[in-house]
Amino acid sequence: MKPRIGIVTISDRASSGVYEDLGGPAIRDTLRAYLATPWEERYHVIPDEQPVIEATLRALCDEEGCCLVLTTGGTGPSPRDVTPEATRAVCPRILDGFGERMRAVSLQYVPTAILSRQMAGLRGSSLVVNLPGRPKSIRECLDAVFPAIPYCIELAGGPILETDPAVIKAFRPAR
Ligand SMILES: Nc1ncnc2c1ncn2[C@@H]1O[C@H](COP(=O)(O)OP(=O)(O)OP(=O)(O)O)[C@@H](O)[C@H]1O
Ligand SMILES: Nc1nc2c(c(=O)[nH]1)N[C@H]1C(S)=C(S)[C@@H](COP(=O)(O)O)O[C@H]1N2
């Protein structure tokens, strides 16, 4: 079975058709460039509603068996931004390094990088990673943290994901 990856756009406006979702396609294009291993996607566009986000993340991890779920949007300080709360609620194990690294690297691009509460965590052997809503932030953040993602998924008991080293090199320490 091909590894499955969940792509979740969390945006009131994209989910209600005010604008076309560009975040999900940006994640898809990035993963297509990065991954040498064939994979399958599960894509959702949902509003900034915590119960809906939690249910979507649970279904992708527990029913669809996604080894990785990437979300975009809803990480900021607005009252409707609840992606980190939903992620925390469904992930018993938090990986603080992801948020720290993504915010640090994002400061090279925008001073408002510190406004993102983006985080990551493990639900069983599924890794959930939050990305900000602006489509350009997706590659900015993933270039910084993706090298650690295949090893993280392996350690958590998930499948082996190989990358195209000409695009991004997965780091696996010698064991
Ligand atoms: N999924 C998306 N597709 C296209 N553009 C987006 C998307 N999400 C955000 N943007 C762009 O980034 C800007 C900042 O996004 P903002 O922080 O307001 O989004 P959000 O809180 O993630 O989504 P929303 O406010 O619709 O619930 C928006 O004005 C929009 O231009
Ligand atoms: N790499 C990167 N990080 C970024 C941004 C960006 O453009 N690039 N935008 C910031 C802004 S303006 C906000 S408000 C926060 C939260 O965005 P969200 O609510 O759309 O998730 O992410 C921040 N992080």
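Student: How many bridges join strand β1 (residues 4–10) to β2, and in which sense, parallel or antiparallel, do the two run?

Tutor: In this predicted model, 7 bridges join β1 to β2, and the two strands run parallel. One position to inspect is I10, which stands opposite I46 in β2.

Student: What makes β1 and β2 a pair of strands?

Tutor: Two strands pair if at least two bridges are found between them. The count for β1 and β2 is 7, so the condition of at least two is met.

Student: How do you know that β4 and β5 also pair?

Tutor: Strand β4 (residues 93–94) and β5 are joined over 2 bridges, in the antiparallel sense. The requirement is at least two, and therefore the two strands count as paired. G121 in β5 is the bridge partner of I94.

Student: What is the order of the strands in the sheet?

Tutor: The order is β2-β1-β3-β6-β5-β4, in an open sheet of 6 strands. Its pairing is mixed.

Student: Why are β2 and β4 called edge strands?

Tutor: β2 (40–46) and β4 each pair on one side only.

Student: What makes the pairing of this sheet mixed?

Tutor: Strands of a sheet may pair either parallel or antiparallel, through backbone hydrogen bonds. Here β1 and β3 pair in the parallel sense over 5 bridges, with T9 opposite T72 in β3. Another 5 bridges join β3 to β6, again parallel, and the bridge partner of T72 in β6 is L131. By contrast, β5 and strand β6 (residues 126–131) pair in the antiparallel sense over 4 bridges. The sheet is accordingly described as mixed.

Student: Where does a hairpin occur, and how many residues lie between its strands?

Tutor: β5 and β6 form the hairpin, with 2 residues between them. In the turn, G124 has a positive phi of about 60 degrees. Across this pair, L122 has L127 as its bridge partner in β6.

Student: How do you know which faces of β3 are covered?

Tutor: L68, L70 and T72 lie on one side of β3, V69 and T71 on the other, and all are buried. Both faces are therefore covered, since a residue is buried if 20 or more other C-beta atoms lie within 10 Å of its own. For the strand as a whole, 5 of its 5 residues are buried. In β5 (residues 120–123), A120 and L122 point one way, G121 and R123 point the other way, and all of these are buried.

Student: Which residues touch the most other members of the largest nonpolar core?

Tutor: They are L57, L68, V69 and L127, in a core of 39 residues. For V69, contacts beyond its neighbours within four places in sequence include V8, L57, L60 and V128.

Student: Why is G74 called buried?

Tutor: G74 has 30 other C-beta atoms within 10 Å. The cut-off for a buried residue is 20 or more, so G74 is buried. G74 is placed in the loop between β3 (68–72) and α4 (83–90). Leaving aside neighbours within four places in sequence, the contacts of G74 are I10, D48, D81, V82, T83 and G133. The C-alpha atoms of G74 and D48 are separated by 6.5 Å, although the two are 26 residues apart along the chain.

Student: Why, then, is K169 called exposed?

Tutor: K169 has 11 other C-beta atoms within 10 Å. The limit for an exposed residue is 12 or fewer, so K169 is exposed. K169 is found in the segment after α7 (149–155). Apart from neighbours within four places in sequence, K169 is in contact with P147 and T163.

Student: Which residues come nearest to each ligand?

Tutor: Of the 17 residues that surround ligand 1, S11, R13, G23, G73 and G133 are the closest. Around ligand 2 there are 19 residues, and G76, S106, S116, G133 and S137 come nearest.

Student: What gives the most to each shell?

Tutor: For ligand 1 it is helix α1 (residues 12–15), with 3 residues. For ligand 2 it is helix α6 (residues 135–145), with 4 residues. By class, the shell of ligand 1 has 4 nonpolar, 7 polar and 6 charged residues, and that of ligand 2 has 6 nonpolar, 9 polar and 4 charged.

Student: Which part of the chain does the UniProt domain annotation cover?

Tutor: The unreviewed UniProt entry carries the annotation "domain: MoaB/Mog" for residues 6–152. Over residues 6–152 the chain is 44% helix and 20% strand.

Notes. Residues are numbered from 1 along each chain as its sequence is written. Chains are lettered from A and ligands numbered from 1 in the order in which they are written. This is a predicted model: local features need pLDDT of at least 70, side-chain atom pairs count only at pLDDT 80 or more; totals for chains, interfaces and linings use all residues. A residue is near a molecule or strand if its C-beta atom, placed from the backbone, lies within 6 Å of it. Ala, Val, Leu, Ile, Met, Phe, Trp, Tyr, Cys and Pro count as nonpolar, Asp, Glu, Lys and Arg as charged, and the others, Gly among them, as polar. UniProt positions are given in the numbering used here, feature names are shortened, and annotations may be inferred rather than shown by experiment. A nonpolar core is a set of buried Ala, Val, Leu, Ile, Met, Phe, Trp, Tyr and Cys residues joined through C-beta atoms within 7 Å. Two residues are in contact if their C-beta atoms, placed from the backbone, lie within 7 Å.
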